[in-house]
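Here are some exercises to work through with the model open in your viewer. Try each task before you read its solution.

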Amino acid sequence: MEYDTKTPPSHTSDKTSFGFISARDRWPVILTGAIDDVHKAVTNATEPQKVEEGKSIISGLAALKYEMQHDRQLLPLKDDGGPDIAGYNQELELRGNPKWFDVAWLFAECYLYRRMATLFNLSKHWKGYDVFFKQKQSTFRSSRPAVLELASRYNDMTQQFQSQDSAIAHANDEDREQAEYSLFREMCEICLWGNATDLSLLTNLSYEDIQKLQGSESRKANEEKILVNDFPAAFACLKKAKKSGTTERRVDIVLDNAGFELFVDLVLAGYLLQSELATQIVLHPKNIPWFVSDVIPKDFSDLLNVIHGAKAFYETPSEDDKARRVTPQALSEKESTDLQELFGNWSSLYAEGKIIVRPNAFWTEGGSYWRMPKTAPKLHEDLQQSELVIFKGDLNYRKLTGDAMWDASTPFTEALGPMGPGSGVRVLALRTCKADVVVGLPKGKDEELRAMDGGGGDSGARKWAWSGKWAVVSLCDGKA
Ligand SMILES: O=P(O)(O)OC[C@@]1(O)O[C@H](CO)[C@@H](O)[C@@H]1O
Ligand SMILES: [Mg+2]
Ligand SMILES: [Mn+2]
């Protein structure tokens, strides 16, 4: 199979790859969770046909898990009418109908979620059912302290923009630029680290651990964890576009996870609009439940509804609370007004068409983004209209760079291939590292991190890049 990149991709046959660990340890856990979720839903179902279909979905998930754990071949997808089915099945053949432990990690993982989706799409009563919905909700619920902290931070910022009485407004030109940049950087770091709360990886983190990851003090401590930092260059691009006086200035966010990460994506979106660094934000979700926590359009409306009904959401004991005999603390007056104010701000930006949700089947295909100019030319053209396309999270980064075993000092621009220089797309990756691939590091940095405790040492595994604790913020100006 002709790889997207000449450099071979991470492979599940490579025991030093996180792809091997994912196939052996993580995917079976994710499938078991899906089986449990459907099982619970079936016990609550009354309609006999829905119960029947639920049972056959469970056996479809169990068969998939069995094939995986016994290293069988990836079977052709059943045609559920999706435009991408033929592409997936062609690619299976081109790759020689590979087995689970002898296949490119990226393709196998995309195939896994696409195969799960066919089970629900081919049913009558379970179409569009999201097996990850409950996990998305409970992780968002456990992010309550950071949600409340950010709601009040965001509302203060909105006040300042609306009343024009902020440090920025009063400063002289020199300090103003500095004050504007530090606000830009603060909002981007909030957005970046929101990606660390990743369900599919943190299956064993406690809620307390998750909350520690999200607070403002942890963001301070994480400054030196950002290994590549192109925030200044990204800010300069948006400032230049604003100064040029072009009326329509669009920023796109290719989304990653639902819940807290989508919340911080909206914090960044609202900031970019209110600071007038952008006049329109286009959000790109997935069409099907994807990589456990990724955003589907329903997650967007769910998030706004949860914030609107925050009192009920946070004060009604969840299953987990009941099991732990915990009565959730009531929201204070200020906390609920903060969330109402936030809801008002975001829903009006959405109602005014300043925030747009634009799904596309391309985001859930099996290949890397190297293919976009060839296989999704309309989407490629659309992204060329944007001043800046922000790709959130680890999977997007893996797809931008072909998930290939680059030397870590390979320039980001080179690893982007057709989406790099001359692509007409200005790419900014905001990514916490949760996979093998990393590029754009200074020479020697990878070796230094491998040598750290738990970094992988001379095992050949780039373990330090699997934990979500390190981040890269990489810009490639494809419009220059
Ligand atoms: O894109 P996200 O949500 O940041 O992370 C998704 C992801 O990191 O989860 C797995 C953990 O390694 C990987 O297969 C995949 O890249
Ligand atoms: Mg993520
Ligand atoms: Mn994700």
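**Exercise 1. Helix α12**

Work out how many residues of α12 are buried, and compare the span of the helix with the expected one.

*Solution.* This is a predicted model, so every value below is computed from predicted coordinates.

Step 1: Apply the burial cut-off, under 20% relative accessible area. By that test, 15 of the 15 residues of α12 are buried, and the helix is mostly covered.

Step 2: Take the span. At 1.5 Å a residue, the 15 residues of α12 should cover 21 Å. The end C-alpha atoms are 21 Å apart, so the two values agree.

Step 3: Look just past the end of α12. There E276 has a positive phi of about 60 degrees.

**Exercise 2. A residue in helix α13**

Decide whether L303 is buried or exposed, and list which residues L303 touches beyond four places away in sequence.

*Solution.*

Step 1: Place the residue. L303 sits in helix α13, residues 297-308.

Step 2: Read its accessibility. The relative value for L303 is 4%, so L303 counts as buried.

Step 3: List the contacts. Leaving out residues up to four places away in sequence, L303 touches F140, G259, L262, F263 and L266.

Step 4: Try a separation in the viewer. L303 and K225 are 78 residues apart in sequence, and their C-alpha atoms are 29 Å apart in space.

**Exercise 3. Salt bridges that link distant parts of the chain**

Find which elements are joined by the salt bridges K392 to E261, K239 to E180 and R358 to D382, and say how covered each partner is.

*Solution.* A bit of background helps: side chains of opposite charge can pair when their charged atoms come close. The search of the whole structure finds 37 salt bridges, and we take three of them here.

Step 1: Start with K392 and E261, whose side chains meet at 2.9 Å, N to O. K392 is in strand β5 (residues 388-392) and E261 in helix α12 (residues 260-274), so this pair links parts of the chain 131 residues apart. K392 is buried at a relative accessible area of 0%, and E261 is buried at 1%.

Step 2: Go on to K239 and E180. Their closest N and O atoms are 2.6 Å apart. The bridge joins helix α11 (residues 231-243), which holds K239, to helix α8 (residues 173-193), which holds E180, across 59 residues of sequence. K239 is buried, with a relative accessible area of 10%, and E180 is buried at 16%.

Step 3: Finish with R358 and D382, with closest N and O atoms 3.0 Å apart. R358 lies in the loop between β4 (355-357) and α17 (372-375), while D382 lies in helix α18 (residues 377-384); the two are 24 residues apart. R358 is partly exposed, at 31%, whereas D382 counts as buried at 17%.

As an extra, look for the network of salt bridges that links D4, E91, R95 and R371.

**Exercise 4. Where the two domains meet**

Describe the contact between domain 1 and domain 2: how many residues take part, what area is buried, and which element gives the largest share on the domain 1 side?

*Solution.*

Step 1: Set the bounds. The domain assignment gives domain 1 as 18-129 and domain 2 as 133-478. The contact takes 20 residues from domain 1 and 23 residues from domain 2.

Step 2: Get the area. The two domains bury about 1,800 Å² between them, 64% of it on carbon and sulfur atoms. In domain 1, F18, L106 and Y113 lose the most area to domain 2, together 35% of what that side buries.

Step 3: Count the polar links. Across the interface there are three salt bridges, and the count of residue pairs in polar contact is five.

Step 4: Assign the domain 1 side to elements. Those giving two or more residues are α1 (18-44), α3 (85-94) and α4. The largest share, eight residues, comes from α4.

Step 5: Inspect α4 itself. Helix α4 (residues 105-121) has 17 residues and reaches 24 Å from first C-alpha to last, close to the 24 Å expected. Of those 17 residues, 15 are buried.

Terms used
Residues are numbered from 1 along each chain as its sequence is written. Chains are lettered from A and ligands numbered from 1 in the order in which they are written. This is a predicted model: local features need pLDDT of at least 70, side-chain atom pairs count only at pLDDT 80 or more; totals for chains, interfaces and linings use all residues. Side-chain values use heavy atoms; hydrogens and water are left out. Helices (H or I, at least four residues) and strands (E, at least two) are DSSP runs, numbered from the N terminus. The expected span of a helix is 1.5 Å times one less than its number of residues. Buried means under 20% relative accessible area, exposed over 50%, partly exposed in between (1.4 Å probe, protein chains only). Domain bounds come from an automatic or database domain assignment. Contact means heavy atoms within 4.5 Å. Buried area is the accessible area (1.4 Å probe) that two parts lose on being put together, summed over both. A salt bridge is a side-chain nitrogen of Lys or Arg within 4 Å of a carboxyl oxygen of Asp or Glu. A polar contact is a pair of N or O atoms within 3.5 Å; within protein, one must be able to donate a hydrogen and the other to accept it, and residues adjacent in sequence count only if both atoms are side-chain atoms.
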